[in-house]
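Hi everyone, thanks for letting me take the slot today. I'd like to walk you through one protein chain, so have a look at the screen before I start.

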Amino acid sequence: MKTRLLCLGFFAVLNCSNETPSEQVIETPEEWPIDPASGLRVPAHAPLPPVPEWADNPFNEAKRKLGRALFFDPRLSSSGNGNCPACHASFDAFQSGGIVDIPDRSFPNLEPKLTRNAPSLLNLVYAPVFRWDGSHGTNLYEQMALPFAESNMNLTPGIPAEDVHHVDVPLAQVELKRRLTEVVPGYIEWFDAAFDVDITEESLEDVWIMSGKALSIYIRGAVSKNSAFDRWNAGDDSAMSEAAVRGLKVFVGKGACNACHPGPLFSDFQFHNLSLSLPDENGVRPDEGRYGVTGNEEDRGAFLTPMLRSVTQTAPYFHDGSVGSIRRVMRHIASDASRKDPNYSPLLDRVQDLTDEEIEDLVQFLKALKGEELPVSVTSFALQNELP
């Protein structure tokens, strides 16, 4: 059996020739021999590389400790009750498990809620693009600090609670520095230990970026590696069940999943329309997706391809959290429902009809992408001991 394979994706390791993506093929044999060059059965889906090292942000333990505190400290939210784990629980694959979450801007009320699902932060350290629509922030440092400027942490006084979308980074920079130097002055010493600076004398932007750098050092620990698939891929026949191996064949075969989910991270980091935000009679969608960033008509209703490592731990799914089961995700993609939008991704035309048995095998393969348990030093937090 052959299926077409796009040569797309971050850290993709296929040796793509001069053929166009539509001409690339991958064999799906009855047995999966080890490739002598890579030592893997499926070199296209190699293990995760080492976590990035940043020349402008070298690791030290003081930065990790500082980033951990910034992530968990509720005193850095407008209400004094919110923190990053409110939407990205460290003990639950760095996501909340909710369909949509309640931002700090709504406190003490339960409305309004956010309009998009908060994705997991697992493996975010590898991502070249962020958020469902790719908006706000061009690097991980900016992205990790951004929630302070959003309704999530709400360090933007004066913005109405009902406006959960407004982002004002300059305003948040003023309030974040005030909280780090006046409200919780213990952070002055912690920043000094991490960066060898006195943040009372640093610019608003520099304090903002240093906060993002510390948070980035902390989130480096949230990596989903050494999965059952990785062990099987390296030659351990016992690591994956027969159903999961059959599911891999569906993944690269009839399911054509690797068209959008290539590489070690199982994502092309592109934006695709899966008919999840259908236009009404006036052509208006509930969420325009990537179009809101680019203004390109072809981006209407398109959202970022999620990474699939540990995906079965991160329900619900899609940009609006509308599907709670990975099986329902597969059924949607393999059905005509994914092609209802006139702007649907043409890659969906590669997906063939799947039987219930094939969907179940595919689910078993996705379960085999679950990484090993994260260290307690990453997932747990003792407030009385680990805040300034």
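Okay, one bit of vocabulary to begin with: when I say helix or strand, I mean a DSSP run, at least four residues for a helix and at least two for a strand, numbered from the N terminus. With that in hand, Tyr126 is in the loop between H1 and H2. And please keep in mind that this is a predicted model.

So, is Tyr126 buried or exposed? Its relative accessibility is 3%, so Tyr126 counts as buried. Its side chain reaches the backbone oxygen of Pro49, at 2.6 Å. If you want a feel for distances, take Tyr126 and Glu297: they are 171 residues apart along the chain, and their C-alpha atoms are separated by 29 Å.

That loop between H1 and H2 has other things to show. Asn123 is found there too, and Asn123 has a positive phi of about 65 degrees, even though it is not a glycine. Asn123 also counts as buried, because its relative accessibility is 1%. Pro112 has its place in that loop as well, and a cis peptide bond joins Glu111 to Pro112, with omega at about -5 degrees. Why point these out? Most residues other than glycine have a negative phi, and most peptide bonds are trans.

Where else do we find such things? Ala315 and Pro316 are joined by a cis peptide bond, with omega at about 0 degrees, and Pro316 lies in the loop between strand S4 and helix H9. Then there's Phe269, which isn't a glycine but has a positive phi of about 55 degrees. You'll find Phe269 in the loop between helix H7 and strand S3. At 6% relative accessibility, Phe269 counts as buried.

Let's move to helix H1, residues 61-72. H1 has 12 residues and reaches 17 Å from first C-alpha to last, close to the 16 Å expected at 1.5 Å a residue. At its start, a side-chain oxygen of Asn60 comes within 3.1 Å of the backbone nitrogen of Ala62. The buried residues of H1 include Lys63, Leu66, Arg68 and Leu70.

Now, which residues have the most contacts inside the largest nonpolar core? They are Leu66, Leu70, Phe94, Leu180, Tyr187 and Phe191, in a core of 58 residues. The elements giving two or more residues to this core are H1, H2, H3, H4 and H5, and the largest share, eight residues, comes from H5. Apart from this core lies another, of 37 residues, with Val42, Leu274, Val311 and Leu366 among them.

Let me zoom in on Leu66. Leaving aside neighbours within four places in sequence, Leu66 is in contact with Tyr187, Trp190, Phe191, Ala194, Phe195 and Ala214. Tyr187 and Trp190 both belong to helix H4, residues 186-195, and they are three residues apart, about one turn of the helix. In general, an α-helix has 3.6 residues a turn, so residues three or four places apart point the same way.

That brings me to the rings. How many aromatic pairs does the structure hold? There are 17. Take Tyr187 and Trp190: their ring centres are 6.4 Å apart and their planes are at 70 degrees, so this pair is edge-to-face. Tyr187 counts as buried because its relative accessibility is 0%, and Trp190 counts as buried too, because its value is 15%. Phe71 and Phe72 also form an edge-to-face pair, at 5.3 Å centre to centre and 65 degrees between the planes. Both of those Phe residues are buried.

There is also an aromatic cluster, made up of Trp32, Phe229, Trp232, Phe251, Phe266 and Phe365. Arg41 lies over the face of Trp232, 4.7 Å from the ring centre. Elsewhere, the charged end of Arg220 sits over the ring of Trp54, 5.8 Å from its centre.

Last stop, helix H9. Ser325 caps its N-terminal end, with a side-chain oxygen 3.1 Å from the backbone nitrogen of Arg327. The buried residues of H9 are Ile326, Val329, Met330, His332 and Ala334, and what covers them includes helix H10.

That's my tour, thanks for listening!

Technical notes
Residues are numbered from 1 along each chain as its sequence is written. This is a predicted model: local features need pLDDT of at least 70, side-chain atom pairs count only at pLDDT 80 or more; totals for chains, interfaces and linings use all residues. Side-chain values use heavy atoms; hydrogens and water are left out. Rings of Phe, Tyr and Trp (its six-membered ring) pair if their centres lie within 6.5 Å; planes under 30 degrees apart count as stacked, over 60 as edge-to-face and the rest as tilted. Buried means under 20% relative accessible area, exposed over 50%, partly exposed in between (1.4 Å probe, protein chains only). A charge sits over a ring if NZ of Lys or CZ of Arg is within 6 Å of the ring centre and within 35 degrees of the ring normal. The expected span of a helix is 1.5 Å times one less than its number of residues. A polar contact is a pair of N or O atoms within 3.5 Å; within protein, one must be able to donate a hydrogen and the other to accept it, and residues adjacent in sequence count only if both atoms are side-chain atoms. A nonpolar core is a set of buried Ala, Val, Leu, Ile, Met, Phe, Trp, Tyr and Cys residues joined through side-chain atoms within 4.5 Å. Contact means heavy atoms within 4.5 Å.
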